[in-house]
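Reader: Could you show me the model, and then take me carefully through the enclosed spaces inside it?

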Amino acid sequence: MNPTWADILSELSKSIAPTYFDSFISPLQWIKQEANQITILAPTEIIKRHVETRYIGFIKDAAFHVLGDSFEVILLIDKKESSMQFGEKIEDKFNFDESSLNPNYTFESYIVSDSNRLAFTAAKSVLEKEGFYNPLYLFGPVGVGKTHLLHAIGNSILKKDPWKTVRYVDSISFLNEFIFTVRQNNRTALDSFKIKYQSYNVLLFDDVQFLNGSAEKTQEEFFGLFNYLYERKRQIVIASDRPSSELPIHDRLKSRFVHGLQADIKAHDKHLRSELLRTFSIQYNIPFSREILDWLADMCQGDARSLIGVINDLVLYKKAYQMFILSDEKIKEIASARFSLLKRKIVFTADQIIDCVCAHTNKPKNDVLGRSRKSDFIQSRHLCMYLLFDLLKMPKSQIGRIFNVNHTTVIHGIKKTEALLETDVEFQNLVNKIRSEMQFQ
C-alpha cells in the first residue's frame with residue numbers, strides 16, 4: 001500500500017464509523033498524486049457515488065492533515081468483474097433506499113421529564129393527525145434528544161403504515177448530496193434528486209441551522225422541496241439548535257416554519273438525569289444505590305452524552321480490575337476524576353463565541369455568517385474562525401461548515417487574524433476582552 005494513502009486512511013479512521021469505513025473507505029485504492037490532485041480508484045459505481053456524496057470532504061481534510069496542502073480528489077471506477085461482485089455484496093448489505101432510521105430510537109425508549117415533555121407531546125401529536133402540525137419544529141441545545149424524537153416519529157409511522165416512505169436526513173448530508181448532483185452537470189441527475197425527495201410521505205430534517213449563509217442554491221432546493229411536500233400535506237419534522245427566528249437562512253424559508261408547531265427541549269433537569277442514569281446502570285450492569293444515583297445526578301450537570309461518559313469510565317474500571325460490583329466510594333472516586341477534568345473545560349459554545357464577537361464589533365450576526373465582502377464583516381468573520389479554532393479546538397472542516405466555506409478559507413481567516421494580532425494593539429485589546437468573557441468552570 002502506498003505509505004501516503006496508509007497515513008490518510010489512518011486519519012480517516014478517526015472520523016468515520018468502523019462499519020462504513022470498512023465498507024466504503026477500505027476498498028478504495030490509491031492511484032497517483034500530482035500537482036494539487038489525488039486520484040483514487042473505487043471498485044464500483046455505488047461505492048464511488050456514496051463516497052462522493054458523504055465522504056469526499058473527509059478525504060480532503062485527511063489529505064490536508066497528512067500532506068499539509070489542499071488537494072482535489074478524483075474518484076475513478078474499477079470495472080473488473082471481481083469488483084462488480086464486491087459491489088453486489090455491498091449493495092446486499094446496505095439498502096441505499098432505506099429511511100436511515102435508527103430502530104433503537106423509539107417513543108418507548110425516550111425518557112420524559114418536565115424539560116422535554118412539551119416536545120415529546122408535540123412529536124406524539126404528529127402521529128395522531130399526520131400532516132396537520134406541519135411542519136413540527138423542535139429546537140434545543142446539543143444532546144437533549146431532538147434526533148431521538150425525529151427517529152421515534154419515523155419508526156412509529158412505519159410501524160403503523162409500513163407502505164409509507166419515510167426519510168431521515170441531516171442538513172450536511174442533504175447539502176453534500178445536492179452539491180454532488182449539481183456537479184454531474186446533468187439534468188437527469190438533478191431531476192432524479194428532486195423526484196426522490198418529493199416521493200417521501202414523511203421528511204425528518206435534522207440540524208437545519210447548518211443550511212446557512214451562502215448555501216443559496218441548496219436553500220432554494222430545500223424551499224422548493226418544502227413547498228412541494230407541504231402543499232400535499234406530507235409530514236415535515238425539522239430539528240435545530242435554536243428557534244426558527246434565529247436561523248441564518250432566508251426569511252421566506254423561516255416564515256414557512258412558523259406555520260406549524262414549535263416546541264423546545266430544555267437542558268436536562270435532575271429528574272431526567274436520574275432516570276437516564278438508572279437506565280444506563282441497568283443496560284451496563286452497574287447497580288447504583290439511591291444515594292449514589294442522587295449524587296451523580298447532582299454532580300453531572302451535562303446532557304446524555306456526558307452521562308454516558310461517566311458510565312463508560314465505570315465500565316472500563318470494572319473490566320480492567322475484573323470487579324463484579326463497585327462500591328459507592330469507588331463510584332464517587334472514578335466519577336469525581338471525570339468531573340475534575342470537566343471543570344477545566346470550556347463551558348461556552350460556538351454560538352456564544354460568535355455572538356460575543358458580533359456584540360463587541362457591532363456587526364449583525366447574519367452578515368458575519370454570510371458572504372458579504374465588506375472588510376468589517378470579513379474581519380469579524382475571520383476573528384470568529386480564529387477563536388473557534390483557538391478556544392474550542394474545533395476542526396477547521398467543522399468551522400467551514402458553520403460559515404459554509406471550505407477549510408482552506410478557514411485557514412486563511414485564521415492566519416489573517418494571527419497576523420493582525422501581531423501588529424495591531426487595538427485589535428489585541430479587543431481579542432483579550434472577548435477572551436476574558438469566555439468563562440471556565
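Author: On a 1 Å grid over the protein atoms alone, a cavity is a set of points where a 1.4 Å probe fits but cannot get out, and its lining residues have an atom within 4 Å of a point. Grid points are joined across faces, edges and corners, and a volume is the space filled by probe spheres set on the points. This is a predicted model, in which local features need pLDDT of at least 70 and side-chain atom pairs count only at pLDDT 80 or more, while totals for chains, interfaces and linings use all residues. Residues are numbered from 1 along each chain as its sequence is written, and side-chain values use heavy atoms, with hydrogens and water left out.

Reader: How many cavities of 30 Å³ or more does a search of the whole structure find?

Author: The largest cavity has a volume of about 40 Å³, and the second largest has a volume of about 30 Å³. Searching the whole structure for cavities of 30 Å³ or more gives a count of 2.

Reader: Which element supplies the largest share of the lining of the largest cavity?

Author: The lining consists of Phe 174, Phe 193, Lys 194, Tyr 197, Gln 198, Glu 221 and Leu 225. Helices here are DSSP runs (H or I, at least four residues) numbered from the N terminus, and H9 (187–198) and H10 (216–231) each supply at least two of these residues. The largest share, 4 residues, comes from H9.

Reader: Which element gives the most to the lining of the second largest cavity?

Author: Gln 219, Glu 220, Phe 223, His 250, Arg 252 and Leu 253 line this cavity. Two or more of them come from H10 and likewise from helix H11 (251–257). The most, 3 residues, is given by H10.

Technical notes
1 Å grid on protein atoms, 1.4 Å probe; cavity = no way out; pocket = protein on both sides within 12 Å on 5 of 7 lines; lining within 4 Å.
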